[in-house]
Structure formats: structure tokens, C-alpha cells
Amino acid sequence: MPKVLNLADRIEKQLPPQLVEFMESTALIAGGLGWRLYLVGGTVRDLLLGRPNYDLDMVVEGDALALGKRLTETRKTGITVHSRFGTVKLRWQSWTIDIATARTETYARPGALPEAKPGLLANDLFRRDFTVNAMAVELFSGRWGQLIDLYGGLKDLKAGLIRILHDNSFIDDATRIWRAIRYEQRLDFVIEPATLRLLKRDIPRLDTISGDRIRHELELALKESAPEKVLRRASDLRVLAKINPRLKGNDWLAERFQAAREYTRPDSPPVPLYLSLLAYPLPAHDIEDMIAFLHLPKTEAQVLQETAELKSVIKLLDKPKLKLKRSEIFRLLTGYAAAALETNLIAADSPAVRKHIRLFLTKLRYGKSAITGEDLIKLGVPQGPQVKNILGKLLDARLDGNVRSRKGEEELASSWILSCTRHGGC
Ligand code: ATP
């Protein structure tokens, strides 16, 4: 009999004590109902790799929905039930805990979402994507911590290999192509040669996947700590080309992604910025195709469209310092989404252009005249477009340093109003 690996020590060391206690009491409740409970998937993989991962994924040989409901009676947990898949998602304190009913899956057609039927753990593990994600840990008290490795996951984990469980895996679900690349690059593993051969064979199967699901995979890729690695590999394998043939994961993109990280807050990946940098080299009609194919939400679509529009606008900013007035820079760049401006700031080749966009983003965009429309009306300007006109001219004067105080603005406005009256209008 091969020696059974026990992960009890790792569970204790690597997981927060509250989560360990949560698993223990959940296993007790499940045991009381005559069901066995397991920890599965990414949590087990990361326990073995010593990587932090506090998203618990559990499988019960019983009824996850009933178990989830029992848990909500004993603790303050939020619960979302997916009856069709026999899964519940619990939100407890700051954690998310998924519990699934052990199941066998069948696919109505390749690329469709699977139909779930109750089954045993072995079946449940067999429907998973890769051997390293198909291990489980017993949470039943008598066997607490014992590793269940039916498909050679531990061996592959030690060898650094991403391997599918059967030859039709990518045909059943071609999103696994993106998942394979993502895990390979995140963990610094390699896709095992036979799996890679099948992956290449099944790339056309990506056509069976909806744009929404591909967008989800792309977003997951962009949430990785080094998404440029995932995109480079996806580009080399011609997987990225399935989104748009002109998309490239190359050195240019890697440098821009690095700059995007330096430019934004370190605690969350700048996904919208990454996406518009990825689309930046495309001509406008390809950007429209990409937006339609991925079903991008309105705000993200707008950032991509404005990024493309700005690409031609910023050519006018390619002038040395002092050749452009600040008010001219303001007029050219105002009204565009910040992410579209940031994309152009990061992507533009010309140092003069970058300097002018930076000036706009850090200073000019906050510019305001001291006096308001109401003040102008009090000074005798009739309500209507003239108010906006004069406010705009005042702002220009402020930005260009021609006026620096409220009093100065009032004097300037009064002189314009006077000349307008003399000329019978402005
Ligand atoms: P991550 O660290 O990226 O969150 P994870 O392994 O927890 O990785 P999830 O996407 O949360 O991944 O999925 C949980 C588990 O469900 C996976 O480990 C895998 O076993 C299984 N799984 C997820 N998506 C698929 C899929 N498309 N095909 C087969 N199994 C999948």
C-alpha cells in the first residue's frame, strides 16, 4: 500500500484558524447527515505548493444545498444557491466558501455548460480540468487531512506539469485552453507535451465558446500578477488570435503592462488599463469587432473607443514645450475617460505627447475659474450660451496664467461684457 500523505499540518499552518474551525464543524454536520466532505481543487493544489489561497472549495458526497442551509442556521453566512449545478457559495466573515454536491457532468454539446448529476468524489474529480486541480483532502474526522490523489496530481505538481485528465478534455470545454495557459504561466509550470499537442489540435474548438465566457477568461488572465506572460504564451499558441487576429502578446505589451502597474495602485490589478493597452495597436474597426465579440460592458467599450479616438488627437500634442498653450492642451484632452488618457500616456512613443498628457492628468483637468455662471448673470450676462462661452474663456485665461485671482477674473469678465454690449452681442 503506498503511504498516504496527510496535509493536517499544512492546513493548520497555512490556513487561518477560523477557516480550519469552519471546515471541522462543516465536516461534523455533514458526518451527522451521513455524508463525507472534502476539500478540493485550487485550495489543495496551493496547500501543497505553500501558496496562500483562502478561497475554500469543498465537495460533499450528499447534498450541498441542504448542508449550506444548515450552515446558515448556525452561523452568520451569506448564501447564494445554484440549484442547477448543486452548488452553494457562502460568504462568511471575509471569506468565500464554495460547497458542491459531488457530481458527474455530461455536455449536451461541446462548449455548452455541463449538465450535473449526483455522483461520487472520484467522478467529481475526473470532470476537473487538470491533474493538479483534481486532488482532494478528507475532512471526515477519522481521516482528517488525508490526500486523495486518483489521477497523479501530486507527481505532476512535483514535476511542474499541467496535464488534462482525458483526451477529450479541451473538446468538452475549450475554456480549459485559457486555463492551462494561465496556470502554466502563474505557477511557472509547463503544459505537459501530450496535453500541449491536444491543446493545439483543439484550438478551433474555442469557436464553440461564447464571447461572454471568453471575456471572463481574458479578465482572469488580466488579474494575474504578470498577465503579459499569459498573453505572450496565448499569442505564441495563436489562442489570442481567436479573439482578434491582430492582437499580440509581445515585448511592447510587456513593457506597457509593467508601466501600467507602476502608474496605478499596487493592491489591485489595473484590468481596464491592461485591456485597452492590449487593444491599443488595433485599427478602430478591429476594436469595434472585439467589443462586439467579447460583449464588453458599456464603460469598458467606451474606454477602448476613446483610446482609439485619442490616438489621432494626441498627434497635435507632439510639439516641443512652449509651442502649446496649456489651454490648448486642456481643450484637446478634456471630456475623455481617464483610463483612455492613461492608456495613451503609457502607449505613446513621443516624450512630448506623454509630457502633455501627464500635465493634463495631474494638473490641468482640475482647473476651474473662480467665478461661476451665477456670478456672470449678476454681472449682467443674459442666461444662455454666452455664460458658458465666457466661463470657457476665463478658464483658458486661468490655465494660461493670464489671470490669477477672482478679482482679476471679474475685471476680465466685465471688460468682455462691456465690449459685447458695445458691439451689440458677443
Ligand atoms: P484560482 O487559483 O485561479 O482561483 P482555482 O483552482 O481555485 O484557481 P477556480 O476557477 O476557482 O480555480 O475553480 C475551482 C476548481 O474547479 C478548479 O481547481 C478545478 O478543479 C475546477 N474547475 C474550474 N473550472 C473548470 C473547468 N472549466 N473545467 C474543469 N474543471 C474546472
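This is a chat about the domains of a predicted model and the interface of domain 1 and domain 2.

User: How is the protein chain divided?

Analyst: The model is predicted. Its chain is divided into domain 1 (1-159), domain 2 (160-295), domain 3 (299-366) and domain 4 (373-422).

User: What separates the centres of domain 1 and domain 2?

Analyst: Taken over C-alpha atoms, the two centres are 27 Å apart.

User: And how many residues are in contact there?

Analyst: Domain 1 puts 23 residues in contact with 23 residues of domain 2.

User: What area is buried between domain 1 and domain 2?

Analyst: About 1,900 Å² is buried between them, and carbon and sulfur atoms give 57% of that area.

User: Switching to charges. How many salt bridges between domain 1 and domain 2?

Analyst: The count is two salt bridges.

User: Which side chain meets Arg163 in a salt bridge?

Analyst: Arg163 meets the side chain of Asp156, at 2.8 Å from N to O.

User: How many residue pairs are in polar contact across that interface?

Analyst: Seven residue pairs, with both residues at pLDDT 80 or more.

User: Which elements give two or more residues to the side of domain 1 that touches domain 2?

Analyst: Those elements are α3 (42-49), α5 (121-126) and α6 (153-159).

User: Which gives the largest share?

Analyst: The largest share comes from α6, with four residues.

User: How do the residues on that side of domain 1 divide into nonpolar, polar and charged?

Analyst: On the side of domain 1 that touches domain 2, 13 are nonpolar, seven are charged and three are polar.

Key: Residues numbered from 1 in each chain as written. Predicted model: local features only at pLDDT ≥ 70, side-chain atom pairs only at ≥ 80, totals over all residues. Heavy atoms only, no water. Domains from an automatic or database assignment. Contact = heavy atoms within 4.5 Å. Buried area = accessible area lost by both parts, 1.4 Å probe. Salt bridge = Lys/Arg side-chain N within 4 Å of Asp/Glu carboxyl O. Polar contact = N/O pair within 3.5 Å; in protein donor to acceptor, adjacent residues only side chain to side chain. Nonpolar A, V, L, I, M, F, W, Y, C, P; charged D, E, K, R; others polar.
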